[in-house]
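Reader: Could you walk me through this structure before I set anything up with it? I would like to go through it piece by piece and ask as we go.

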Amino acid sequence: MLNSHDYPSHECGVFAVYGHPNAALLSYYGLFALQHRGQESSGIVTHSGKKTPFQSVKRMGLVSQIFKEEDFEQLRGSYAIGHVRYSTTGSSNLFNAQPFSADTSRGQLAIAHNGNLINAARLRTELEMKGSIFQATSDSEIILHLLAQPHTTKTKEYPLAALRELEGAFSIVIMGENEIIGVRDPHGFRPLSLGKLDDAWVLASETCAFDLIGAEFVRDVEPGEALIINESGIQSEFPFKMSREAFCIFEYVYFARPDSNLRNINVSQARVRMGQELARLHPVEADIVLPIPDSGIYAALGFSEELNIPYEPAFVRNHYIGRTFIQPTQLVRDFSVRVKLNLISSYVRGKRVVVIDDSIVRGTTAKNRVINLREAGAKEVHLRISCPPHRHACYYGIDFPDPQKLLANQYSQEELCAYLGADSVGYLDIEGMVRAIRRPQNSFCLACFTGDYPMPFDASFDKLIMERRGEQAHFLPDIKIQPPLFPQS
Ligand code: AMP
């Protein structure tokens, strides 16, 4: 049975290759590097030129485990797109695995999407009224149907006219019979970069994918830009009405890989600076600084450096069990937090310890770590968090639970400290976080911290899908758009 989190939750990774004889293998390695962006399912679709059929392999599971050597005999061609999909549930659903592909009146098409469409309910209903039949419960399939609509395929402006129908967060790669297209929504919520490998072009959600395949970073796809790559070269179009940039700040805090550069800022270095800012905002007298691996490592380095307190990596992570959020129930989630990290108690016995993590969501990780440290004989336990308190849902592609379940909404600062069992708790503030990244504050989406949503979200897509399955919509209420915190540019 589908459960509530089968619905639009798209912390995904996309990848594309144009013009390389080993397009599928490059995509495999690209997706391997993007695995942190999604572990539920993965897929590659390839094409070898004009009228030959698209080849597709999609399976549930990790990139390194699901693709077999023989798949690459099937996945021929010099064009490829690939996708890794994030899961917030244990339930398996191959229907939602991407890329989505179809044979349309305009020819074969395949798409892979990272982000959340906010007008998905309206689009899907309109398409269904015109006869479209959907297989998945994911909003991304709508993009394929829009591109396939005969009235949009006939216009000279194809496919840009179809893309203009989309609203929300989208970084998409599209493969047609003669081209690869990379598109970012006008707010630029999610990343997408362009690289070059020999004569081939590559597109990836994060630059760490270029490093692995030896591609050179060329530039980011701009917010609102569509890059069309075909025989004539690369063409840049800006088909959308421009809006202020609203890049997801949480990509820097947690989601992106530390070796990636987002908007030309290295993620690990931004995290080190967040740790330094945090140390200046909430200094503490302590004997050791201890990161929660892997998410707190770089901020802990910055914190330790700033206050000159030794950095001791006393938590040892078992890398072979996915991310905490993969487990669907609270019972299993707690277990996986415990199974993930083991503490070397000799580092902490009798010490005043500062523990650094990037964020607190439900508080499960932080609470368990404090218990571990107390049991191991730590004299004092101070928690420092390298982003502000999470109080609001994300509608643009990061999975945060219902705001009522966010710890910062359940307690005052003092109560929260008592609940976590810590001696003190300190969060970084918005200004420090933004300073650490070195990009203007009004170029970010900060909605999960501030509640200032750059655009309204229509939660009715979730309702639509769930009501059809006779389930109660779990999802968050429609939000009221507050006046923007920052002037729109
Ligand atoms: P929690 O235990 O619920 O407080 O979650 C906090 C931990 O989960 C931190 O260690 C974060 O690094 C990590 N985290 C934060 N946001 C997410 C997310 N959207 N998906 C998965 N993990 C997350």
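**Y427 and onwards**

Author: In this predicted model, Y427 counts as buried, with a relative accessibility of 6%. The residue is found in strand β22, which covers residues 424-427.

Reader: Which residues is Y427 in contact with, leaving aside its neighbours within four places in sequence?

Author: Y427 is in contact with L278, L281, H282, I360, I385, C387, P388, P389, A408, Q413 and L416, once neighbours within four places in sequence are left aside. As for C-alpha positions, those of Y427 and L383 are separated by 8.5 Å, although the two residues are 44 residues apart along the chain.

Reader: L278 sits in α10, so what does that helix look like, and how many of its residues are buried?

Author: Helix α10 runs over residues 267-281 and has 15 residues, reaching 21 Å from its first C-alpha to its last, which is close to the 21 Å expected at 1.5 Å a residue. It is mostly covered, with twelve of its 15 residues buried. The buried residues include V267, A270, V272, M274, L278 and A279, and also R271, R273 and E277.

Reader: Let me switch to the ligand. Which residues are closest to it?

Author: The ligand is surrounded by 17 residues, and the closest are D357, D358, R362, G363 and T365.

Reader: And what are the distances from the polar side-chain atoms of D357, D358 and T365 to the ligand oxygens?

Author: For D357, a polar side-chain atom lies 2.6 Å from an oxygen atom of the ligand. For D358, an N or O atom in the side chain is 2.4 Å from a ligand oxygen atom, and for T365 the corresponding distance is 2.5 Å.

Reader: How much of the ligand does the protein bury?

Author: Taken alone, the ligand exposes 500 Å², and the protein buries 96% of that. Two elements, α9 (250-255) and α13 (364-375), are the ones that give two or more residues to the shell around the ligand.

Reader: How do the shell residues divide into nonpolar, polar and charged?

Author: The shell around the ligand divides into eight nonpolar, five polar and four charged residues.

Reader: Back to the protein itself, then. How many helices and strands does the chain have, and what share of its residues is buried?

Author: The protein chain has 18 helices and 23 strands, and buried residues make up 61% of its 489 residues. Of the contacts between residues at least 6 apart in sequence, 70% join residues at least 24 apart. The accessible surface of the chain comes to about 19200 Å², and 51% of that surface belongs to carbon and sulfur atoms.

Reader: I always check for cis peptide bonds. Where are they cis here?

Author: One such bond runs from Q98 to P99, with omega near 5°, and P99 is placed in the loop between β4 (79-85) and β5 (100-104). Another cis peptide bond joins P293 and D294, where omega is about -5°, and D294 lies in the loop between β17 (288-291) and α11 (297-307).

Reader: What touches that Q98 and P99 pair on the A112 side?

Author: A112 itself touches both Q98 and P99, and its other contacts beyond four places in sequence include V14, I81, H83, S171 and V173. A112 is in strand β6, residues 107-114, and it is buried, with a relative accessible area of 0%. Its C-alpha is 6.6 Å from that of F100, and the two are twelve residues apart in sequence.

Reader: Changing topic again, what about positive phi, say in D198 and R438?

Author: D198 has a positive phi of about 50° although it is not a glycine, and it lies in the loop between β9 (193-197) and β10 (200-204). R438 is likewise not a glycine, and its phi is near 70°; this residue is found in the loop between α16 and β23.

Reader: Are D198 and R438 buried or exposed, and why?

Author: D198 counts as exposed because its relative accessibility is 60%, and R438 is exposed because its relative accessible area is 54%, the cut-off for exposed being over 50%.

Reader: And S443, in that loop between α16 and β23: is it buried or exposed, and what does it touch?

Author: S443 is buried, with a relative accessible area of 7%. Not counting residues up to four places away in sequence, S443 touches R244, E245, A246, F247 and R263.

Terms used
Residues are numbered from 1 along each chain as its sequence is written. This is a predicted model: local features need pLDDT of at least 70, side-chain atom pairs count only at pLDDT 80 or more; totals for chains, interfaces and linings use all residues. Side-chain values use heavy atoms; hydrogens and water are left out. A residue is near a molecule or strand if one of its heavy atoms lies within 4 Å of it. A polar contact is a pair of N or O atoms within 3.5 Å; within protein, one must be able to donate a hydrogen and the other to accept it, and residues adjacent in sequence count only if both atoms are side-chain atoms. Accessible areas come from the Shrake-Rupley method with a 1.4 Å probe; for residues, only the protein chains shown count as cover. Helices (H or I, at least four residues) and strands (E, at least two) are DSSP runs, numbered from the N terminus. Ala, Val, Leu, Ile, Met, Phe, Trp, Tyr, Cys and Pro count as nonpolar, Asp, Glu, Lys and Arg as charged, and the others, Gly among them, as polar. Buried means under 20% relative accessible area, exposed over 50%, partly exposed in between (1.4 Å probe, protein chains only). Contact means heavy atoms within 4.5 Å. The expected span of a helix is 1.5 Å times one less than its number of residues.
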